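Please open the model in your viewer and set the side chains to display as sticks, with a cartoon for the backbone. The stops below follow charged side chains from one place to the next.

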Amino acid sequence: MTEFLVRKFVKNYGQVQDPDVRAAYGMLTGIVGICCNLILFMAKVAVGVAVHSISVMADAFNNLSDAVSSVVGFAGVKMAQKPADEGHPFGHGRIEYIAAFIVAFIVIQVGFSLFKTSVGKILHPEELSFSLASLGVLAGSVAVKLWLALFNRKLGKRIHSSVMAATAADSLGDVAATSATVLSIVVFGVWGANVDGLVGLAVSALVMAAGVSIAKDTLEPLIGAPIDPEVYRQVSDFVNRYEGVVGSHDLIVHNYGPNRSMASIHAEVPNDMGMEAAHKIVDQIERDAAKALGIFLVIHVDPVEVENRRLLQLRQMAQEIIKKLDGRLTLHDFRVVEDRAETKLFFDLVVPREYTETMQDALKQQVCQKLKEQGGQFCCEITTECTYCVEN
C-alpha cells in the first residue's frame, strides 16, 4: 500500500534530494494522516457515547489531535523547502524540526488532559456497557494506527524527515493507548470490573512519555547533535579518496535541516606539494562534495611529512601506544624536532568527551612516559581535543 501511494501521488519519487519531491512526500503523509485520524475520531466518538467510556472518548480526541499534528507536519515540511534568502542564507530547513517539536507539544497536552480526566473518572466512576461492535472499531483502530506508524517511519527514513519520525512515534503511542482501552472494555465485559479510569491513567502516561521522547529527539538537531558515525565515515572517505590527500581529521558538521549541512574538515597533503596544487585539489573536493553529498564543505589544508622515515616510525610508535591505552584515541598533526639533547614530539590527541581535564592531563603524562620507555630522549608537546562524532 505504501509504495502504491508513493508511486501514485509523488512524481519523481526516487529523487529524494529534490525539495519539490520532499514536499510531495510531506503532502502525501499529511493528507493520509488527516484522513485516517478524522475517520478514527468519528468512529471512536460514536463508540464512546454508546458505551459511556471516557477512555474511548479520550482516545477519540487523541486521534483528532493527531489530525492536527498531520497538518502541522505537512506545513513544516512545506515551509522547510523555502530556498535561502537574505535573512536566512542557509535556508529554512530547521522549520521542520520546529514543526516536529510542535507535534510533541500537542501530544504532551493531550496526554495531560487525559490524565486530569482519568483522575476524575477514578474519583467518580461511571457505568460502562460492553459492546462487541466497540471492540471491533477499536481493534480496527489499532491496525490503522500501526500501519500509519510504519507508513510514516518508512517515508521519514527515505527523506530524512524528523516530522515524519515524530508522527510515527506518536502513532505507535496511539497503538498502545487504544490497546489499553480495549483491555478496559474486555475486563468490564468478562469480570464486570470498571477499570476505565485506571486504564485512562496508564494511557495518559504512555501518551505523555511519547510526547517527551519526540521533543527530545527533535530538540537535539536544534541544540547541536554530534556527527553520526556513518556521516563521519562517508565524508572522510570521500575526501581521502582524492589523489594528493593522505588523510583527514577534525570533521565538524553543522545541520541546517534535512539535506542541508555545512561541514569543515582538515585534509592532510604532502608538505612538498605546492600551494597552488593543494588549493586546486581542495577546490575540486569542495565542488564535488556539494554535488555528490549535498554538503557545503570547507577544507583546511594541513601539510604533513610523508618521506621522513624517522618521523613515520615515531608516529607509528605513538599510535600503537595510544591504542593500547584506549582504542578510541587518535592522533594527528604529528611533528618532530630533533636536536642533540632530545627529540621533541608535537601532536594533537583526540579523546572521547567523557575525558575530564584532569583525565586528559593524566593521559598526556602517561603517553609521554610510555614513549620514553621506548628508549629515546623524548620531550612531548601534546594538545588534547574532543571528538565531535558519536562514539561507537
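Begin with helix α1, residues 2-9, and select Arg 7 and Glu 3, which lie 4 residues apart there and are therefore separated by about one helical turn. In this predicted model, the two side chains form a salt bridge whose closest N and O atoms are 3.7 Å apart. Colouring by accessibility sets the partners apart, since Arg 7 counts as exposed at 51% relative accessibility, while Glu 3, at 22%, counts as partly exposed.

Next, select Arg 328 and Glu 354, whose side chains meet in a salt bridge with an N to O distance of 3.0 Å. This pair links distant parts of the chain, 26 residues apart: Arg 328 sits in the loop between α10 (309-325) and β4 (330-338), and Glu 354 in the loop between β5 (343-351) and α11 (357-372). Arg 328 is partly exposed, with a relative accessible area of 37%, and Glu 354 is also partly exposed, at 47%.

From there, move into helix α11 and select Asp 361 and Lys 364, which are 3 residues apart, about one turn of the helix. Their closest N and O atoms are 3.8 Å apart in a salt bridge. Asp 361 counts as partly exposed at 36% relative accessibility, and Lys 364 is partly exposed as well, with a relative accessible area of 23%.

For the last stop, select Glu 3, Arg 7, Lys 154 and Arg 158 together, which salt bridges with shared partners join into one network. Across the whole structure, there are 11 salt bridges to look for.

Note on methods
Residues are numbered from 1 along each chain as its sequence is written. This is a predicted model: local features need pLDDT of at least 70, side-chain atom pairs count only at pLDDT 80 or more; totals for chains, interfaces and linings use all residues. Side-chain values use heavy atoms; hydrogens and water are left out. A salt bridge is a side-chain nitrogen of Lys or Arg within 4 Å of a carboxyl oxygen of Asp or Glu. Helices (H or I, at least four residues) and strands (E, at least two) are DSSP runs, numbered from the N terminus. Buried means under 20% relative accessible area, exposed over 50%, partly exposed in between (1.4 Å probe, protein chains only).
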